[in-house]
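Thanks for making the time this morning. I would like to walk you through one structure, going slowly from its sheet to a helix and then to a single residue, so please keep the picture in view as I talk.

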Amino acid sequence: MTTPEQPPIDRAEEISRAWQREQPGLPVGSIGILTRIRQAAKLLDDERRRVLAVVAMDAATLDLLSTLRRSGPPYRLTTRELADRSLITAGAVTQRVDRAQGEGLVRRLPPEPGTRAVEVELTAPGHRAVEEAVGGLLTYEQGLVESLAPHEQEELARLLTILLRDLSARARGPRG
């Protein structure tokens, strides 16, 4: 129970205290970080889905269109480049491209003679759709982090970069 002077205990703190009580000496420092990251990720995913629903776009389509748009003119990448830049499998790229092509947002270009590389290009309607979605989404998402001062946002981004770099290296490293 909290008093008016005490802020409510957050879920990560409750979990950490419970483990400290049940198994003193258990390393619980990661709970305060990783549980909060998971909670934030869930809330942010929910918010993103809600905001994208307004422009009738799902996160996978936004990722595809954004990747093409950020590539610069002529807004064209091979399916392999799309997979690498989106951190997804070739099969997932195929599904995304099929769906977006069906909506007229992208088109596949035939492979150049002597190659098997299929290029995917943003269409004019795709360009308009991604511009609308990204502009509104990024403005909205900036508002989500404004409870942090600009220098705190930069520090959090810096710390998350360090954590993600290490986690990525561990994921690529030998499994034992």
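Let me begin with one pair of residues, Arg 76 and Glu 121, which stand opposite each other, the glutamate being in strand E3. Please keep in mind that what you see is a predicted model.

That pair leads us to the strands around it. E1 and E3, the latter covering residues 119–122, pair in the antiparallel sense over three bridges. As a general reminder, strands of a sheet pair through backbone hydrogen bonds, either parallel or antiparallel. Taken as a whole, the sheet is open and has three strands in the order E1-E3-E2, with antiparallel pairing. Its edges are E1, at 76–78, and E2, at 106–109, each of which pairs on one side only. From one strand to the next, the twist averages 25 degrees.

Now to the helices that pack on this sheet. Helix H3, residues 59–70, touches E1, E2 and E3, and its direction makes about 90 degrees with that of E3. Helix H5, residues 90–102, also packs on the sheet, where it touches E2 and E3, and its direction makes about 115 degrees with that of E2.

I would like to stay with H5 for a while. This helix has 13 residues and reaches 18 Å from its first C-alpha to its last, close to the 18 Å expected at 1.5 Å a residue. Which of the residues of H5 are buried? They are Val 93, Arg 96, Val 97 and Ala 100, and because these fall within an arc of 100 degrees when we look down the helix axis, they line one face of H5. Their cover includes H3, helix H4 (79–86), E2 and E3. On the face turned away from that buried side, by contrast, H5 carries the exposed residues Gln 95 and Gly 102. Just after the helix comes Gly 104, which takes a positive phi of about 75 degrees.

That brings me to Arg 96, which is found in H5. Why does Arg 96 count as buried? Its relative accessibility is 15%, and the cut-off for buried is under 20%. Its side chain makes a polar contact, at 2.6 Å, with the side chain of Asp 63. If we leave aside its neighbours within four places in sequence, Arg 96 is in contact with Ala 60, Asp 63, Leu 64, Ser 86 and Ile 88.

I will stop there and take your comments.

Conventions:
Residues are numbered from 1 along each chain as its sequence is written. This is a predicted model: local features need pLDDT of at least 70, side-chain atom pairs count only at pLDDT 80 or more; totals for chains, interfaces and linings use all residues. Side-chain values use heavy atoms; hydrogens and water are left out. Two strands pair if DSSP finds at least two bridges between them. Helices (H or I, at least four residues) and strands (E, at least two) are DSSP runs, numbered from the N terminus. Axes are lines fitted to C-alpha atoms, for helices over the stretch in contact, and angles run from 0 to 180 degrees between N-to-C directions. Contact means heavy atoms within 4.5 Å. The expected span of a helix is 1.5 Å times one less than its number of residues. Buried means under 20% relative accessible area, exposed over 50%, partly exposed in between (1.4 Å probe, protein chains only). The arc is that of the directions from the helix axis to the C-beta atoms. A polar contact is a pair of N or O atoms within 3.5 Å; within protein, one must be able to donate a hydrogen and the other to accept it, and residues adjacent in sequence count only if both atoms are side-chain atoms.
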